[in-house]
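Visitor: Please take one part of this structure and go through it closely. I would like to see how that part sits in the rest of the chain.

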Amino acid sequence: MGARNLEGARARLASLERRIERQQAAIAQQHERLDAMAGDLARVQTALQETQYQLGASQQRLADATARYEASRDLLQDVTRTAYEQGPLAQVEALLGATSLTDLVARYQYLNSIQFANAEVADGVADEAAGLSAATRELDTLASRQIGQSVQLQSHQAALRDALLDQQRQLARLNAQRRKAAQLVQRLSLRVDPAITGAGKTFGNWAALLLSELGAPKCRDNLTVLVAWQVAEGTAAAYNPLATTHYMPGSTAFNSVGVRNFPSVEVGLQATVETLRLPVPSYGYEAILDNLEQCAPAKTTATAINASSWCRGGASGLYVLNVLPLVQADYAAFSSR
């Protein structure tokens with residue numbers, strides 16, 4: 001390579017390195033925004049779940065109030081029917097039929113108790129009707145709240161989906177820049193820096209490669225949950241889409257918490273497999289591996305990932321779980337990054 005060409009290649013590489021650094025910073029900022037959005041989504045989901053619980057309890061209260069009202073109404077109808085059948089003079093005839101003063105007093109007290117009981121039945125019907133009306137209003141209020149929260153949840157999910165797809169595009173641009181940098185590094189016979197040259201695979205391809213390394217089936221549920229896991233991480237670490245901190249020869253530090261850049265896809269896969277197979281039961285990785293081996297439903301595996309030590313408490317406690325429905329709805333868009 002001539003001196004002029006060599007100088008030009010070095011200048012292009014330096015320019016690419018600056019662009020890669022800016023792109024990595026932009027991705028980091030986007031990830032912070034995504035974390036905040038995940039927190040908002042989690043709060044809306046929690047509120048909706050609480051409303052749904054209250055709605056179920058309100059529906060039961062309404063059913064109970066309806067049953068009590070109908071029972072009271074039926075009793076009042078029986079009382080009214082009996083009074084009608086006996087006629088308006090029945091009570092007078094009962095009093096006139098007394099054979100003594102004592103009998104008269106007893107009949108009067110009996111008739112008075114019947115009137116009191118009938119009044120209680122009527123009051124009971126009125127009370128149950130009021131309770132039924134209150135239960136109906138409560139149910140209507142909760143149903144309206146549920147509709148509003150459902151609309152809000154859909155809005156948050158749509159915003160999160162758009163932001164995640166934007167993150168995908170940023171990662172794709174970063175990989176394109178890294179591939180160009182790798183070509184220049186090779187031409188210049190320079191030392192390879194994974195942070196600059198580590199372009200990696202698409203999320204779908206990397207998921208398939210990891211399943212092969214683990215000896216797990218490449219079923220749709222497994223591929224989907226692994227793509228969702230990569231999307232949830234959204235890391236720019238080289239050949240390390242799940243952001244493991246496992247040290248491997250030739251790796252370099254990606255960030256201050258210990259996430260590594262790896263020198264190749266093969267090394268990155270090996271590091272991820274070794275991390276998942278760490279013999280520490282408290283980490284919870286065995287459940288992840290078991291689910292992948294059994295091709296469990298994607299949500300089951302995502303729940304195991306969320307419960308593990310990989311990123312416990314991330315995304316406001318919905319790590320991977322909040323991303324999974326979006327990936328399931330548009331697997332092609334997320335897997336092809």
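Guide: Cysteine 295 has a relative accessible area of 26%, so this residue counts as partly exposed. In this predicted model, cysteine 295 is one half of a disulfide with cysteine 219. The partner, cysteine 219, has 16% relative accessibility and therefore counts as buried, because the limit for buried is under 20%. The two sulfur atoms of the pair are 1.8 Å apart. About the S-S bond the angle is 125°, and the link is right-handed. A search through the whole structure finds one disulfide, and this is the pair of cysteine 219 and cysteine 295.

Next comes the place of each cysteine in the chain. Cysteine 219 is found in the loop between helix 5 and helix 6 (220-233), while cysteine 295 is found in the loop between helix 8 (285-293) and helix 9 (298-307). The pair therefore ties together parts that lie 76 residues apart in sequence.

That link can be set against the contacts of the chain as a whole. Taking contacts between residues at least 6 apart in sequence, 69% join residues at least 24 apart. The protein chain is made of twelve helices and two strands. Read from the N terminus, six helices are followed by the two strands, and six helices come after them, in the order α-α-α-α-α-α-β-β-α-α-α-α-α-α. The chain has 337 residues, and 39% of them count as buried. Its accessible surface is about 18000 Å², with 53% of that belonging to carbon and sulfur atoms.

Helix 5, which borders the loop of cysteine 219, also has a part in a cavity. The structure holds one cavity of 30 Å³ or more, and the volume of the largest cavity is about 180 Å³. Its lining has 21 residues, and the closest to the centre are Ala199, Ala237, Tyr239, Pro241 and Arg337. Helix 3 (101-188) and helix 5 (203-214) are the elements that give two or more residues to this lining. The largest share comes from helix 3, with four residues. By type, the lining residues of the largest cavity divide into eleven nonpolar, seven polar and three charged.

To return to the disulfide: its two ends carry different labels, since cysteine 219 counts as buried and cysteine 295 as partly exposed.

Key: Residues numbered from 1 in each chain as written. Predicted model: local features only at pLDDT ≥ 70, side-chain atom pairs only at ≥ 80, totals over all residues. Heavy atoms only, no water. Buried < 20%, exposed > 50% of the residue type's maximum accessible area, 1.4 Å probe, protein only. Contact = heavy atoms within 4.5 Å. Areas by Shrake-Rupley, 256 points an atom, 1.4 Å probe, with all protein chains shown as cover. 1 Å grid on protein atoms, 1.4 Å probe; cavity = no way out; pocket = protein on both sides within 12 Å on 5 of 7 lines; lining within 4 Å. Points joined across faces, edges and corners; volume = space filled by probe spheres on them. Nonpolar A, V, L, I, M, F, W, Y, C, P; charged D, E, K, R; others polar. Disulfide = S-S within 2.5 Å.
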